[in-house]
Amino acid sequence: QHISQLESLFTYNITSHKKKLFSLPEKDIVGMIPRYLLQQIPQDDNLPGMATVSSDDAIVNTILRYSSSPCTRKEAYLQSNTSCPENIDVLQALIYHRHELSVMLGFENYAERYLQDKMMENRTRVNQFLKQMSFSIKDGFREEMNLLSEAKRKCEGESEVKPWDIPYYTHKLKSERHEFQSSELTPYFPISQCFDGMRILCSRLFGIDMQEIPMDEGESWCNENHNVRKVQLVHESEGPLGTIYLDLHPREGKYSHSAHFAIRCGCATNGAECAENGGTLKYQYPIVGLVCNLSSPTANGMVLLSHSEMETLFHEFGHALHSLLSRTSFQHLSGTRAAVDFVETPSQLMELFVRDPRVLKTFARHFQTGEPISDELISKLAGSRKLFQYVDIQTQLLYAYLDQGLFSTPSGESATSIFAGLHQKMGIPYAEGTFWHSKFGHVVTYGAGYYSYLLDQVFAADIWKTCFASDPLNRAEGNRYRQEVLIHGGAKDPNVMLRELLGRDPSVESYTSMLGGV
């Protein structure tokens, strides 16, 4: 109970401290932060020429990415990364009590307890994976950091890269090298055509039709009924497979992130063996909800998605397919109720589908002219994405190493000291006196499991290269992926599923070979 209280307190503190207020020179952020957002924040009339902003991630990340003022970026970074001091002690207490309980239960530490039923099984295998990833990207990371250092020297006369420099100079170099702005993509992603892309993938890969159906009175949880859509998946020979509710746009009081929720899990209803095991049965069809906060409709009802929003939508759709295409005897093993370090694989794979030019061109058309997205624009997008991938991965590795370090056998070293030491060891700039880890919400939900994000990217990349890279709309491979992976939900060991699908164990090289050079 005490551990649960600490977990809840840690999460509460993160949420409540998003609103920390501080002031910045108005001239340095003009045009970056929408005026309507600034109008929602009380402004101090006694500070002429200054704008009051909050430590909300969306605001701070915008400043870090676009502000050319090093002083403004530094202030925003420091304010954001010192906004939750209460959680330093909460985290230390959580580490202590999780370890204490784990030892009482016969485990060496909390990490070993957490990993016992995961794919990786123990810390030794996790650390082997992280070391392999680190070795694979070390040269690319060094080259990209040199690029950032040179870019800063040209602009500011000094070359030491600080934490608040990385977002600004990565964005600056991407824009300059590829003459590309992400806003160029938005006209090609009206939400209706993104739905068409989902339909095409379902039809071509699995023989499934997505049918939108009307909702009964009172069925929607939103008063504005048009904000929730109901879609049924129907297989060409098997019939109905399940239902998806799509709640895609923001509104007051709504969950503010993107997620897939199981409303009703699939399961056998007569105790018989599932069809995949040769039996016949009556089946409870799954129902899921996809909740996002994508761009709202304009006055004429048009919804244009940014490229990142489009990828988010397809990512969550990958989770939905995992749920709706699984056929398990028991509901607690249905769909995404799988091993935590495997469950992101189908959603990561779906992102790879919509990055492929052959798939993109099936649905990405200009909302006014109807012209398909051009090869030139796709090439610029791909180049922009590849640049600074190594920096991004090194940062994810740092978080994964931190996560493992916090929940291994305690050494008496503070979380802040561990975090600072990892920065120095891994060559990632660190600002003394900051404590980003006090906002690291994954220590509650993914404690000792953050490595899963990178691991599942490896799995998805290997499935893509082995099964779909040569023909992303191959029906035979789509059916094989469904039968070897999706249909089992969490009822089969993912290690076995992957081995049977790939014909071998997954390979880190399948992922790292897809990364771009500088």
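**Exercise 1. Helix α11**

Determine how many residues of α11 are buried in this predicted model, and how the reach of the helix compares with the expected span.

*Solution.* Begin with the cover over the helix: 17 of the 19 residues of α11 are buried, so that the helix is mostly covered. Next, locate the helix in the sequence, where α11 takes in residues 307-325. Finally, take the distance from its first C-alpha to its last, which comes to 27 Å and is close to the 27 Å expected at 1.5 Å a residue.

**Exercise 2. Serine 334**

Establish where serine 334 is placed, whether this residue is buried or exposed, and which residues outside its sequence neighbourhood it contacts.

*Solution.* First, place the residue: serine 334 belongs to the loop between α11 and α12, the latter being residues 345-353. Second, compare its relative accessible area of 4% with the cut-off for a buried residue, which is under 20%; serine 334 therefore counts as buried. Third, set aside the neighbours within four places in sequence, and the contacts of serine 334 that are left are Cys265, Gly266, Ser323, Ser326, Thr328 and Gly489.

**Exercise 3. The second largest pocket**

Describe the volume of the second largest pocket and work out which residues and elements line it.

*Solution.* Start with the space in this pocket, about 400 Å³. Its lining is made by 18 residues, of which Ser134, Tyr401, Leu422, Lys425 and Met426 are the closest to the centre. Then turn to the elements: α8 (123-156), α15 (389-406) and α16 (415-426) each give two or more residues to the lining, and the largest share, nine residues, comes from α8. Sorted by class, the lining has seven nonpolar, six polar and five charged residues.

Notes. Residues are numbered from 1 along each chain as its sequence is written. This is a predicted model: local features need pLDDT of at least 70, side-chain atom pairs count only at pLDDT 80 or more; totals for chains, interfaces and linings use all residues. Side-chain values use heavy atoms; hydrogens and water are left out. Helices (H or I, at least four residues) and strands (E, at least two) are DSSP runs, numbered from the N terminus. The expected span of a helix is 1.5 Å times one less than its number of residues. Buried means under 20% relative accessible area, exposed over 50%, partly exposed in between (1.4 Å probe, protein chains only). Contact means heavy atoms within 4.5 Å. On a 1 Å grid over the protein atoms alone, a cavity is a set of points where a 1.4 Å probe fits but cannot get out, and a pocket is an open set with protein on both sides within 12 Å along at least five of seven lines; lining residues have an atom within 4 Å of a point. Grid points are joined across faces, edges and corners, and a volume is the space filled by probe spheres set on the points. Ala, Val, Leu, Ile, Met, Phe, Trp, Tyr, Cys and Pro count as nonpolar, Asp, Glu, Lys and Arg as charged, and the others, Gly among them, as polar.
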